[in-house]
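Here is a short report for a newcomer. Look at the fold first, then read on.

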Amino acid sequence: MPLSRHTGQIPESTWTLGFREMTEPWKGAVGCLGVAVFFAMTIGIISWQALEQPPEEWVLRGRAAGMLWERGRGALLLRALPAGRPVLAIAVGSVPAAEPPPPRDRCWHDGGQFCYSWEEDAELRLSLEPPAAPGAECYGVRWTPLRPDVTLKDCFSMANVSWYGGPSIHAQRWPLNSAESPAQPLVSGDLSANPASFGPVLERYFLGSTGVTVTVAPDVSLLLSLESHRQFCLETLAGREEPLHYQLCVSADVAAARRHTASALAGDLVPSERRKRQALALVEPLELSITLSPYAGITSPLFLRSLRGGEAAGYWLSRQPRPGASSIPLLTTWKGQLCARLNVTSEAALGWYLARARHLRQALGATYVAFEGVEGNSFLEQDVPAPAELAGDGYTEVLAAALATLGNKTIISAGSRSSHLPLFVQMSPLRSDWSHAGLKGLIPSVLHYSLLGYNFFIPDAVGGSVAGATQGDPELFVRWLQIVTFLPVMAFGTPPWLCCDAWVLNLTRQCIQRHQDFVVPLLLKYSEEWQSLGFPIFRPAWWLSPMDPVAFTIEDEFLIGDEVLVAPITEKGQTWRDIYLPGEGHLWLDTNSARVFDGGTTLRNYSASLAEVPVFVKTS
């Protein structure tokens with residue numbers, strides 16, 4: 001029989017007593033030791049995580065690019081593959097920055113998507129989307145708030161990226177990096193009435209010098225802020241519980257990105273049946289024009305008659321009535337008067353308005369009809385909910401489409417999702433001075449309008465139409481004249497014989513002749529390219545040098561197509577300037593001196609007397 005093995009078990013009473021007796025003096029030491037061990041383990045785990053988990057984590061990859069999450073600042077990064085070239089950084093302002101996405105996303109079954117939810121704030125969905133054109137790769141970014149009080153905000157870094165597009169602004173800049181604007185609704189506005197608002201030509205499209213585009217869906221209500229040399233931000237309106245949705249597309253360079261999205265600016269952004277661009281008739285000299293607006297003063301007989309009921313009662317924008325109540329006209333202020341605004345959602349109202357415009361044009365023998373007051377959102381100004389078709393810049397879009405039926409000698413004051421229509425767009429008035437609110441802002445405005453597809457614009461009158469510090473300055477008049485010679489229309493507010501001497505009058509005649517003989521044929525040639533391909537007629541220097549950082553910030557030169565470079569003087573008293581000749585491998589002929597220079601170079605201190613404007617023609 002086997003012997004039982006003694007286990008040495010301590011009797012319970014003796015063990016308990018002994019433990020108590022033994023630990024009483026050491027209770028504090030043992031407790032401290034346990035706490036120390038716990039903290040050592042915690043620190044070790046944190047250290048292991050810090051060492052093992054990289055600061056950036058891939059969340060979605062395509063063939064040409066991919067998106068990462070940067071843990072430290074809570075940012076989405078877009079990088080081109082295979083080298084990982086930085087393209088874009090998006091700071092996320094609506095969710096905890098330090099919280100990283102999990103290793104397992106919520107749509108792991110679909111390799112073309114990444115989903116993650118911050119349980120109390122917002123949900124993020126990234127998706128690979130069909131590209132606008134071959135050579136581009138596109139990603140959809142969609143934020144959905146999970147609480148009514150969550151404001152979604154994404155900020156796009158300006159570090160090492162020059163940005164173009166978006167809204168026109170007072171004292172226009174090219175690129176937008178040096179612009180400053182507080183957060184405000186991304187809708188068109190009247191800069192004459194409110195210089196702090198966004199301007200009359202606006203698209204929800206931003207182009208970065210790294211070859212990236214940001215296109216915001218038209219049905220998204222949002223705010224835009226511009227923080228000089230730091231970032232621009234897209235932000236949803238507080239309390240609306242609406243998603244923030246935009247598309248990112250990556251191309252090889254900035255020029256390729258603009259070419260790839262040519263269809264988006266007048267294609268994907270408008271219904272397919274209206275995509276075809278239509279040609280314009282160039283403005284003829286000394287023709288009569290009349291100016292109309294979609295506003296009616298509340299004391300006008302027409303408006304007072306409409307209050308009596310009948311069909312005319314629906315001619316004006318109205319507040320949404322309560323059930324069983326009558327509609328109330330939405331009153332707004334325009335040019336200092338209380339007015340009602342044409343209801344563009346009513347076919348009867350539009351038909352009546354267009355018929356009156358045709359009658360006036362015929363009765364007065366006018367060739368051109370100009371419409372001002374096309375910009376803006378009256379509902380947003382009054383903080384009143386708008387009909388779905390008039391959200392954002394819906395009013396401008398609908399009215400522009402209706403006015404285009406009047407023919408290609410129609411001028412409007414604003415443009416949004418309407419660059420495909422045969423309409424001239426009147427540029428905002430400029431100050432009679434040398435600042436960016438005056439002459440220096442002219443070329444940035446030309447580049448901005450043309451980039452967004454509005455190639456047929458009417459610049460402000462030579463010399464500026466808003467009183468400035470140097471009003472009536474002959475030098476300013478001449479330098480202004482030399483720029484508009486190469487634009488679609490030469491407009492004069494003050495005749496040269498009233499502001500200047502006979503020399504300036506003769507120079508004006510020469511510029512008008514040069515416009516007719518040299519510029520108009522160029523515009524006709526490249527308008528065909530614009531109609532077929534969507535390329536801008538007036539192009540920035542980077543169009544031919546898309547990889548040269550020097551070209552990204554040049555705002556005082558422009559190309560007409562690919563073959564003519566205009567580099568005027570925009571500084572008072574100067575008779576020389578530096579001129580960047582784009583396109584390495586090309587040759588440029590100076591039309592003034594017949595000298596030939598290499599592309600991809602900068603001509604330092606190049607002479608340009610008051611009678612000259614440097615113009616170069618590409619010869620190869």
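Which residue in β4 is the bridge partner of A80? In β4, A80 is bridged to R85. That pair belongs to a longer contact between strands: β3 (residues 75-80) and β4 (residues 85-92) run antiparallel and are joined by six bridges.

This is a predicted model, where local features need pLDDT of at least 70, side-chain atom pairs count only at pLDDT 80 or more, and totals for chains, interfaces and linings use all residues. Residues are numbered from 1 along each chain as its sequence is written, and side-chain values use heavy atoms, with hydrogens and water left out.

## The whole protein

The protein has 13 helices and 33 strands. Both are DSSP runs, numbered from the N terminus: helices are H or I with at least four residues, strands are E with at least two. Of the 620 residues, 53% are buried. Buried means under 20% relative accessible area, exposed means over 50%, and partly exposed lies in between (1.4 Å probe, protein chains only).

The accessible surface comes to about 28500 Å². Carbon and sulfur atoms own 56% of that surface. Areas come from the Shrake-Rupley method with a 1.4 Å probe, and for residues only the protein chains shown count as cover.

Contacts (heavy atoms within 4.5 Å) can also be sorted by sequence separation. Among those with a separation of 6 or more, 64% involve residues 24 or more positions apart.

## Two open sheets

Start with the sheet that holds β3 and β4. It is open, has eight strands and follows the order β1-β2-β3-β4-β8-β14-β13-β10, with antiparallel pairing. Its edge strands are β1 (56-61) and β10 (181-185), and each pairs on one side only. From one strand to the next, the twist averages 20°. Two strands pair if DSSP finds at least two bridges between them.

Now the other open sheet. Seven strands line up as β5-β6-β7-β15-β12-β11-β9, again with antiparallel pairing. β5 (113-118) and β9 (163-167) are the edge strands, each paired on one side only. Here the twist averages 15° from strand to strand.

Inside this sheet, β6 (residues 122-129) and β7 (residues 137-145) pair in the antiparallel sense over eight bridges. L124 has W143 in β7 as its bridge partner. Helix α9 packs on the sheet and touches β9 and β11 (202-208). The direction of α9 makes about 75° with that of β9. Axes are lines fitted to C-alpha atoms, for helices over the stretch in contact, and angles run from 0 to 180 degrees between N-to-C directions.

## A covered helix

Is α9 mostly covered or mostly open? Helix α9 (residues 442-451) is mostly covered: ten of its ten residues are buried. Among them are L442, P444, H448 and Y449. Just after α9, G453 takes a positive phi of about 100°.

## Salt bridges

How many salt bridges does the structure hold? There are 18. The term means a side-chain nitrogen of Lys or Arg within 4 Å of a carboxyl oxygen of Asp or Glu. Three of them are listed here.

| Pair | N to O distance |
|---|---|
| R147 and D149 | 2.8 Å |
| K525 and E563 | 2.6 Å |
| R604 and D578 | 3.2 Å |

Take R147 and D149. R147 is partly exposed, at 29% relative accessibility. D149 is exposed, with a relative accessible area of 52%.

Next come K525 and E563. K525 lies in helix α12 (residues 502-533) and E563 in the loop between β27 (558-560) and β28 (564-566), so the pair ties together parts that are 38 residues apart in sequence. K525 is partly exposed, at 46% relative accessibility.

Then there are R604 and D578. R604 sits in strand β32 (residues 601-607) and D578 in strand β29 (residues 576-581), so this pair ties together parts that are 26 residues apart in sequence. R604 counts as exposed at 60% relative accessibility, while D578 is partly exposed with a relative accessible area of 32%.

Partners can also be shared. Salt bridges of that kind join D121, R147 and D149 into one network.

## A nonpolar patch

Which residues make the nonpolar surface patch of about 250 Å²? L288, L360 and L364 do. L364 lies in helix α6 (residues 347-364). Patches are made of residues with over 30% relative accessible area and no salt bridge; like charges are joined within 9 Å, nonpolar side chains (Val, Leu, Ile, Met, Phe, Trp, Tyr) within 5 Å.
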